[in-house]
Amino acid sequence: MHHHQHLRVFLLLLAALGLAIPWYFNILYFLAGGSVMPDVFWRDAFANPLTTGITCDVYLAAVAFSAWVAADRRLGAWRWACIAACFGIGLAFVMPLYLAQRLRMDAGRYAG
């Protein structure tokens, strides 16, 4: 399964970008007075039709991803950390990280 190694590296790169890029903008938001307090956060997340669409898209994808991860018992207890990180850190970080881990597990299973 050597060809999966390139895909794993790509997914890990996406995870790094999925951490760095959104959190760059999150930090700018917080520095400008943004908050995670529900009244402020949800007001800003649904500020206009574009942000509403993006917010709904990301949260619906995060719920679908979380349902998949919760059912994936091969990760053991780590699956719950993935779900928490999905909503606490971000889907763009956790999803490629999870997929890279699954590829690593699959490669190990087929190698031995």
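**Figure 1. Arg-8, a buried charged residue without a salt bridge.** In this predicted model, Arg-8 is found in helix α1, which covers residues 3-31. The Arg-8 residue is buried, yet it has no salt bridge. Asp-106 carries the nearest side chain of opposite charge, and it is 9.8 Å away. A salt bridge requires a side-chain nitrogen and a carboxyl oxygen within 4 Å. When residues up to four places away in sequence are not counted, Arg-8 touches Ala-100, Leu-103 and Arg-104.

**Figure 2. The salt-bridge network of Asp-72, Arg-74, Arg-102 and Asp-106.** These four residues, Asp-72, Arg-74, Arg-102 and Asp-106, are linked in a network of salt bridges. Within the network, Asp-106 forms a salt bridge with Arg-74, and the closest N and O atoms are 2.9 Å apart. Asp-106 lies in helix α5 (residues 91-111), whereas Arg-74 lies in the loop between α3 (49-71) and α4 (78-88), so the pair ties together parts that are 32 residues apart in sequence. The side chain of Arg-74 also meets that of Asp-72 in a salt bridge, at 4.0 Å from N to O. As for accessibility, Asp-72 is buried, with a relative accessible area of 9%, and Asp-106 counts as buried at 16%. Arg-74, at 34% relative accessibility, counts as partly exposed.

**Figure 3. The salt bridge between Arg-43 and Asp-44.** The structure holds four salt bridges, and one of them joins Arg-43 to Asp-44. The closest N and O atoms of this pair are 3.0 Å apart. Is Arg-43 buried or exposed? Arg-43 is exposed, because its relative accessible area is 54% and the exposed class begins over 50%. Its partner Asp-44 counts as partly exposed, at 25% relative accessibility.

**Figure 4. The largest nonpolar core.** In soluble globular proteins, nonpolar side chains tend to be buried together. The largest nonpolar core of this model has 13 residues. Which of them touch the most other members? They are Phe-65, Val-69, Cys-82, Cys-86, Leu-91, Val-94 and Tyr-98. Helices α3, α4 and α5 each supply at least two residues of this core. Around Cys-86, the residues touched are Ala-62, Phe-65, Ser-66, Leu-91 and Val-94, not counting residues up to four places away in sequence.

**Figure 5. Helix α3, its start and its buried residues.** Helix α3 has 23 residues and, at 1.5 Å a residue, should span 33 Å. The C-alpha atoms at its ends are 33 Å apart, which agrees with the expected span. At the start of α3, a side-chain oxygen of Asn-48 reaches to within 2.9 Å of the backbone nitrogen of Leu-50. The buried residues of the helix are Thr-55, Ala-62, Phe-65, Ser-66 and Val-69. Among them, Phe-65 and Val-69 also appear in the largest nonpolar core.

**Figure 6. Phe-30 and its surroundings.** Phe-30 lies in helix α1. With a relative accessible area of 33%, Phe-30 is partly exposed. Leaving aside neighbours within four places in sequence, Phe-30 is in contact with Trp-23, Ser-35 and Val-36. How many residues apart in sequence are Phe-30 and Trp-68? Phe-30 and Trp-68 are 38 residues apart in sequence, and their C-alpha atoms are 31 Å apart in space.

Terms used:
Residues numbered from 1 in each chain as written. Predicted model: local features only at pLDDT ≥ 70, side-chain atom pairs only at ≥ 80, totals over all residues. Heavy atoms only, no water. Buried < 20%, exposed > 50% of the residue type's maximum accessible area, 1.4 Å probe, protein only. Helix = DSSP H or I, 4+ residues; strand = E, 2+ residues; numbered from the N terminus. Core = buried A, V, L, I, M, F, W, Y, C linked by side-chain atoms within 4.5 Å. Contact = heavy atoms within 4.5 Å. Lys, Arg positive; Asp, Glu negative; His and termini not counted. Expected span 1.5 Å × (residues − 1). Polar contact = N/O pair within 3.5 Å; in protein donor to acceptor, adjacent residues only side chain to side chain.
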